[in-house]
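Biologist: I have a model open and would like to learn to read it feature by feature. Could you walk me through it?

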Amino acid sequence: MHTILATLGTDGDVVPHAGLGARLRSRGHEVTLAAPEPFRALAESLGIAFRPLVTAEEFGEMIADPDLFHPLLSGRMMARWGARFIPRNYELLAELTAGAERVLVTNPGVLAARLVQEKLGRPTATLLLQPGMIPSTFAPPEMPGGLTLPQWVPRPLGELYWAGVDTAGYLLVARSLNRVRSAIGLAPVRRLFRWWLSPELVVGLFPEWYAARQPDWPAQLRLAGFGRYDGDRGGELGEDVRAFCRSGSAPIAFTLGTGMTHAARFFRAAAAACELLGARGILLTKYAHQLPARLPPGVRHCAFAPFRKLLPLCGAVVHHGGIGTTAAALSAGVPQLILPLAWDQPDNAARVRRLGVGLSLGPRQRTAGHLARALARLMAPETRDRCRAVANQVGDVDGLDVAADWIERLAARSLTPAANREARAMAPAC
């Protein structure tokens, strides 16, 4: 079996695909990661073949754009950035999946992958990292910008709401997508967010207790549980970082994710919050220019640390609400203070609050004082007890191993022309 893993985005989007690739390679399968060029080194460190979906310069355009994490403008920004790559990525993925025993595993945002599945009949699974991307009128996900569908809304109005979301997707990207579809002989798509999930298999990389299955979720969606790979390339936590964590009170970790390049105000507030609390802290960012010129005693910078090894040594974590950081904190049993910005982050923040293991702050509650007061509340014994209980619920199951089982089964099916027609018939009307 040869698996092609296709994904765009930052570390939080790419690393789980690389982790799945590592699991499949350990089982003796060939694996190719198709992702932005800066992730070539990660693939090579795992012994995985690599092909770029976008160049380093194109990736740099994405993370440098201040709208990347804007609650309302992020979707438009990513649609404009990514639409131009659809034809190129279609040709690449068609080439990579040509041949026997090939299976394609893709992030929903790689629209070219669904074109390959639909046009060429390649067996394809969607790897869905977060429940916040699943439309539902029974349990609506928390949306950025205050646009969440209220649960009390009657179901017919809820359907209209999601039709409106699809209309927005159509205006942003489907017209570009449909030009490519027309060129390869496919009918146009209108309900983008119904179409972009594979009708064969959708693997949810989160557990049922984190996001309970809803009656209007896709029938082909299966929940594997959280993945347990965070891009550490098999290495250990740096001894200097480990020694710092153990040299005094457990520090507070602060991060807004690997794709955030506009966080200078956040890191200033983080350092000041540590001073107000008399706490120690670790400021995590690859972009050191965002840090204050001088850090207070007991606060240090770390460019990268595998969260599943760092967070068990921390007293709390302040973060943006990305699903990878959220899952690592749940597994570590550490309280979370979430400052959601865009994408699925408000939904993850809401789920953490409902679990009783964290708090979240709104966009106007990001000062040192706000952070310090919220962190002081999180240090309550009952919160720590609840965090430990949830960590026990996470357990040792690795969703990547479960996902690898399902990918092997998908690949093992002999997709005859009849099976291809059946897979297409499963697709919702778009």
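Biologist: Let me start with a pair of strands: how many bridges join β6 to β7, and do they run parallel or antiparallel?

Modeller: Keep in mind that this is a predicted model. Strands β6 and β7 run parallel, and three bridges join them. To see one of these contacts, find G204, whose bridge partner in β7 is L223.

Biologist: And which strand pairs with β6 through four bridges?

Modeller: That is β5, again in the parallel sense. Here you can look at L127, which stands opposite V203 in β6.

Biologist: Where do the side chains of β6 point, and are they buried or exposed?

Modeller: The general idea first: in a regular strand the side chains alternate between the two faces of the sheet. In β6, residues 201-204, L201 and V203 point one way while V202 and G204 point the other way. All of these are buried.

Biologist: Now the whole sheet. What is the strand order in the open sheet of seven strands?

Modeller: Read across, the order is β3-β2-β1-β4-β5-β6-β7, and the pairing is parallel. At the edges you find β3 (49-52) and β7 (221-223), each of which pairs on one side only. From one strand to the next, the twist averages 25°.

Biologist: How many bridges hold β2 and β3 together?

Modeller: Four, with β2 covering residues 30-35 and the two strands paired in the parallel sense. One position to check is A35, which stands opposite P52 in β3.

Biologist: Which strands does helix α1 lie across?

Modeller: Helix α1, residues 11-26, lies across β1 (2-6), β2, β4 (102-106) and β5 (124-128). Relative to β2, helix α1 runs at about 170°.

Biologist: How should I describe two helices packed against each other?

Modeller: Two packed helices are described by the angle between their axes and the distance between the axes. Take α4 (residues 74-83) and α7 (residues 155-183): their axes come within 9 Å and cross at roughly 15°. That angle makes α4 roughly parallel to α7. The crossing of α4 and α7 is left-handed.

Biologist: Which residues of α4 and α7 meet?

Modeller: From α4 they are G75, R76, A79 and A83, and they meet L172, V173 and S176 in α7.

Biologist: There is another open sheet, of six strands; what is its order?

Modeller: Its order is β10-β9-β8-β11-β12-β13, with parallel pairing. The edges are β10 (299-302) and β13 (358-360); each has a single partner strand, so one side of each is left without a neighbour in the sheet. Neighbouring strands here are turned by 15° against each other on average, direction ignored.

Biologist: What does the pairing of β9 and β10 look like?

Modeller: Strand β9, residues 281-284, and β10 pair in the parallel sense over four bridges. L283 stands opposite H301 in β10.

Biologist: Which strands does helix α14 lie across?

Modeller: Helix α14 (residues 368-378) lies across β8 (252-254), β11 (316-319), β12 (336-338) and β13, and runs at about 150° to β12. A residue to pick out in α14 is A376, which is partly exposed, with a relative accessible area of 44%. The C-alpha atoms of A376 and L277 are separated by 7.7 Å, although the two residues are 99 residues apart along the chain.

Biologist: Let me try a loop residue. Is H320 buried or exposed?

Modeller: H320 is buried, at 8% relative accessible area. H320 lies in the loop between β11 and α12 (323-332). Leaving aside residues up to four places away in sequence, H320 touches T255, L256, G257, T325, I338, L339, P340, L341 and Q345.

Biologist: Last feature: how many disulfides are there?

Modeller: The count comes to zero disulfides, where a disulfide needs two cysteine sulfur atoms within 2.5 Å.

Biologist: Why is C274 not bonded to the closest cysteine?

Modeller: Because the closest cysteine sulfur, in C314, is 11 Å from the sulfur of C274, too far for a bond. C274 counts as buried, at 1% relative accessibility. For C302, the closest cysteine sulfur is in C245, at 8.5 Å, also too far for a bond. C302 is buried as well, with a relative accessible area of 5%.

Key:
Residues numbered from 1 in each chain as written. Predicted model: local features only at pLDDT ≥ 70, side-chain atom pairs only at ≥ 80, totals over all residues. Heavy atoms only, no water. Buried < 20%, exposed > 50% of the residue type's maximum accessible area, 1.4 Å probe, protein only. Pairing = 2+ DSSP bridges. Axes fitted to C-alpha atoms, helices over the stretch in contact; angles between N-to-C directions. Contact = heavy atoms within 4.5 Å. Parallel < 35°, antiparallel > 145°, perpendicular 65-115°, else oblique. Left-handed = near helix turned anticlockwise from the far one by under 90°.
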